[in-house]
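This report describes a protein chain for a reader who has its sequence and structure at hand. Please keep the display open while reading.

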Amino acid sequence: MWHKAYMVICGMLLLGGVASAQVLKPVDREHLDAMVNPALSTKAAGAIKADCATLEVGTISDTEECDVRFVVRNTTTSKIAITELRTSCSCLKPMTRPLVIESGEQATIEATFNPAGRNGKFSYNIDLYTSLDESHPTERLTLVGSVKRSDEWAHLPESMGQLRLSRRSVTIEGQGRERIAMANSGTTPLRLTATSDVEHLRLYSIPEVIAPHSEGDIIVEYRGSAMELNTTIIVEGIDASAPQRTIRVTIKR
């Protein structure tokens with residue numbers, strides 16, 4: 001929603017600049033907030049009420065979609081049409097189609113939350129627009145909870161036993177060094193060393209001893225004079241087979 005609103009505003013500013021030579025003032029944060037999270041309707045206040053407007057789903061895994069339901073009621077003496085459901089995040093998808101609620105009757109608003117790629121606490125809204133006011137939502141439903149990543153080290157996709165890496169290959173220009181982000185995903189400390197057939201090519205870690213469930217860096221450094229070179233380094237100190245413990249190194253001038 002933020003991205004969509006931002007693009008719309010940028011388009012308006014661009015068109016305004018083409019149409020005239022007037023200096024346009026930047027849109028302030030307060031105005032943007034009002035567009036993304038509009039105030040509830042005053043003329044339709046209380047017409048649609050949720051039995052529970054804020055739904056707490058607790059902690060869920062980032063690999064499982066979550067289906068949620070809100071019960072809302074028409075408190076007026078006339079029927080009301082729910083014309084549109086807008087969410088504050090594309091990860092929250094309404095499943096209920098526009099409908100009509102008779103006087104005094106209730107309806108269920110269903111939605112699906114997709115937590116993929118998210119981590120930590122969240123709060124997302126579903127705004128209900130009705131035939132009573134097309135400009136402002138009549139009621140706002142809120143979904144809150146927390147997402148727990150199934151893989152704590154998802155940002156380090158490469159694996160060497162309990163060692164997680166951001167990559168398994170580096171290119172070094174001349175005499176220099178390259179960094180590989182890493183983490184110890186296991187329960188025992190790691191002290192990394194390396195073997196290489198290339199003189200002046202070495203590997204070391206910062207810190208020297210990587211504690212369990214902590215992150216650091218692997219440094220691959222070359223101080224030789226080769227014009228061009230393709231080789232591999234075998235990392236030692238990890239419980240994994242030799243092919244799993246290789247880092248490809250390219251030296252270029």
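The following sections treat the chain as a whole, its sheets, and its salt bridges.

**Overall features**

The model described here is predicted. The protein chain has 2 helices and 20 strands. Of its 253 residues, 37% count as buried. The chain exposes about 14800 Å², and carbon and sulfur atoms supply 50% of that area. When contacts between residues at least 6 apart in sequence are considered, 64% of them join residues at least 24 apart.

**The sheet with order 12-20-19-15**

One open sheet is formed by 4 strands in the order 12-20-19-15, and its pairing is mixed. Strand 12 (169-173) and strand 15 (193-195) are the edge strands, each of them pairing on one side only. On average, and with direction ignored, neighbouring strands of this sheet are turned by 30° against each other.

The mixed pairing can be followed strand by strand. Strand 12 runs parallel to strand 20 (residues 246-252), with 5 bridges between them. Within this pairing, V170 has V249 in strand 20 as its bridge partner. Strand 20 is also joined to strand 19 by 6 bridges, and these two strands run antiparallel. Here I234 is matched with T246 of strand 20. Strand 19 (residues 229-236) in turn pairs with strand 15 in the antiparallel sense over 3 bridges. The bridge partner of T195 in strand 19 is I234. I234 therefore has bridge partners in T195 and in T246.**The sheet with order 1-3-7-5**

A further open sheet is formed by 4 strands in the order 1-3-7-5, with antiparallel pairing. Its edge strands are strand 1 (48-50) and strand 5 (92-94), each pairing on one side only. Neighbouring strands of this sheet are turned by 35° against each other on average, direction ignored. Strand 1 pairs with strand 3 (residues 66-74) in the antiparallel sense, and 3 bridges connect them. In this pairing, I48 has N74 in strand 3 as its bridge partner.

**Salt bridges**

The structure holds 11 salt bridges. Three of the pairs are set out in the table below, with the distance between the closest N and O atoms.

| Acidic residue | Basic residue | N to O distance |
|---|---|---|
| D127 | R140 | 2.6 Å |
| E208 | R191 | 2.9 Å |
| E236 | R245 | 3.3 Å |

What does the salt bridge between R140 and D127 tie together? The side chains of R140 and D127 meet in this salt bridge at 2.6 Å, N to O. R140 belongs to strand 9 (residues 139-148) and D127 to strand 8 (residues 120-130), so the pair ties together parts that are 13 residues apart in sequence. The side chains of D127 and R140 are also joined by a polar contact of 2.6 Å.

Is D127 buried or exposed? The relative accessible area of D127 is 6%, and D127 is therefore buried, since the cut-off for this class is under 20%. Leaving aside its neighbours within four places in sequence, D127 is in contact with P38, E84, L85, R86, P137, E139 and R140.

The salt bridge between E208 and R191 brings its closest N and O atoms to 2.9 Å apart. This pair links distant parts of the chain, 17 residues apart: E208 is in the loop between strand 16 (201-206) and strand 17 (209-210), while R191 is in strand 14 (residues 190-191). With a relative accessible area of 54%, E208 is exposed, because the class of exposed residues begins over 50%.

In the salt bridge of E236 with R245, the closest N and O atoms are 3.3 Å apart. E236 counts as partly exposed at 27% relative accessibility, whereas R245 is buried with a relative accessible area of 11%.

Which residues are linked in a network of salt bridges? The network consists of R177, R202, E221 and R223.

How values were computed. Residues numbered from 1 in each chain as written. Predicted model: local features only at pLDDT ≥ 70, side-chain atom pairs only at ≥ 80, totals over all residues. Heavy atoms only, no water. Salt bridge = Lys/Arg side-chain N within 4 Å of Asp/Glu carboxyl O. Buried < 20%, exposed > 50% of the residue type's maximum accessible area, 1.4 Å probe, protein only. Polar contact = N/O pair within 3.5 Å; in protein donor to acceptor, adjacent residues only side chain to side chain. Contact = heavy atoms within 4.5 Å. Areas by Shrake-Rupley, 256 points an atom, 1.4 Å probe, with all protein chains shown as cover. Pairing = 2+ DSSP bridges. Axes fitted to C-alpha atoms, helices over the stretch in contact; angles between N-to-C directions.
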